[in-house]
Every structure is written in C-alpha cells, then in structure tokens.
Amino acid sequence: MQHSAPVRKHSTPAQREKILQAYRRTQLTRRDFAAQAGISVSTLAGWLRRADDPGEGGSRFVAVPNLLAAAPVAAAYRLQWPGGLSLEVRPGFVPGELAALLQLLPTP
C-alpha cells in the first residue's frame, strides 16, 4: 500500500499578506485563526516572523535623533571678571555690539 504525502497548498506573496492583514485585524488566537484560514499554526507563525524580520523588506523601526547626545559646541571666547561676572562671545557676534556691551560693564 502506497502512502502519498499530503499535497501542500502554496500561497502567493499577495495571498500571504492578505491573510496576515486579516490576522492582525482579528481578535482570534493564532490556533483559531489558522484553522479558519486553512493553514497550520506553524505556517502562520513563520509568516508573521518573516513579515516582522527587518531583512525581509525593511525595518519597522522609525529613526529618532538622540536628543540626549551632546550637541557640537562652536568655538567661543569667554571673558571673566573678578567677582564672578562672565561673558561668552560666540562666532557671529557683531563687533560693534560687543564694544557697546563692554562699555556698559564695570571696570575691574
């Protein structure tokens, strides 16, 4: 007596995606959904795993800048007076404004 292996039903990528979208919308367990869709639980699990794999069509993560990283600091001049007064001058400061500001400061 010859036993033949069960015939496998192959799904196209579009069919797999449609089944995965239906699964993501449903409230059913994997087992219940797989039975309803006519596929095995392991097949559903494999499809889900491959769909979530970044190598299979791009990452599902969104790039977010690191806001805690130290920002690059431009060069600056820091003038300090006795008594704790400090003035920092960054590039782009207008020389005439700096001269006027220094005239307002007390002389040591």
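This report describes how three helices of a predicted model are arranged and which residues bring them together.

**Helix α1 and its two sides**

Helix α1 covers residues 13–25. At 1.5 Å a residue, its 13 residues should span 18 Å, and because the C-alpha atoms at its ends are in fact 18 Å apart, the expected and computed values agree. Three residues of this helix, I19, L20 and Y23, are buried. Around the axis they take up an arc of only 100 degrees, which means that they lie on the same side of α1. A general property of helices helps in reading this pattern: an α-helix has 3.6 residues a turn, so residues three or four places apart point the same way. The cover over the buried residues of α1 includes α2 and α3, whereas the face turned away from the buried side of α1 carries the exposed residues A14, K18 and R25.

Helix α1 also contains E17, which is partly exposed, because its relative accessible area of 35% falls between the limits of 20% for buried and 50% for exposed. Although E17 and A51 are 34 residues apart in sequence, their C-alpha atoms are 8.6 Å apart in space.

**How the helices pack**

Two packed helices are described by the angle between their axes and the distance between the axes. The table gives these values for two pairs.

| Pair | Angle between axes | Distance between axes |
|---|---|---|
| α2 and α3 | roughly 105 degrees | within 8 Å |
| α1 and α3 | about 95 degrees | 11 Å |

For helix α2 (residues 30–37) and helix α3 (residues 41–52), the crossing angle is roughly 105 degrees, and α2 is therefore roughly perpendicular to α3. On the side of α2 the contact is made by R30, R31, F33 and A34, and on the side of α3 by V41, L44, A45 and L48. Sorted by class, this contact of α2 with α3 has six nonpolar and two charged residues, with no polar ones.

Which residues of α1 and α3 meet each other? From α1 they are R16, I19, L20, Y23 and R24, and from α3 they are L44, W47, L48, A51 and D52. With an angle of about 95 degrees between them, α1 and α3 are therefore roughly perpendicular to each other. The residues of the contact of α1 with α3 divide into seven nonpolar and three charged, again with no polar residue.

Read together, these lists show L44 and L48 of α3 in the contact with α2 and also in the contact with α1.

Technical notes
Residues are numbered from 1 along each chain as its sequence is written. This is a predicted model: local features need pLDDT of at least 70, side-chain atom pairs count only at pLDDT 80 or more; totals for chains, interfaces and linings use all residues. Side-chain values use heavy atoms; hydrogens and water are left out. Axes are lines fitted to C-alpha atoms, for helices over the stretch in contact, and angles run from 0 to 180 degrees between N-to-C directions. Helices (H or I, at least four residues) and strands (E, at least two) are DSSP runs, numbered from the N terminus. Angles under 35 degrees count as roughly parallel, over 145 as roughly antiparallel, 65 to 115 as roughly perpendicular and the rest as oblique. Contact means heavy atoms within 4.5 Å. Ala, Val, Leu, Ile, Met, Phe, Trp, Tyr, Cys and Pro count as nonpolar, Asp, Glu, Lys and Arg as charged, and the others, Gly among them, as polar. The expected span of a helix is 1.5 Å times one less than its number of residues. Buried means under 20% relative accessible area, exposed over 50%, partly exposed in between (1.4 Å probe, protein chains only). The arc is that of the directions from the helix axis to the C-beta atoms.
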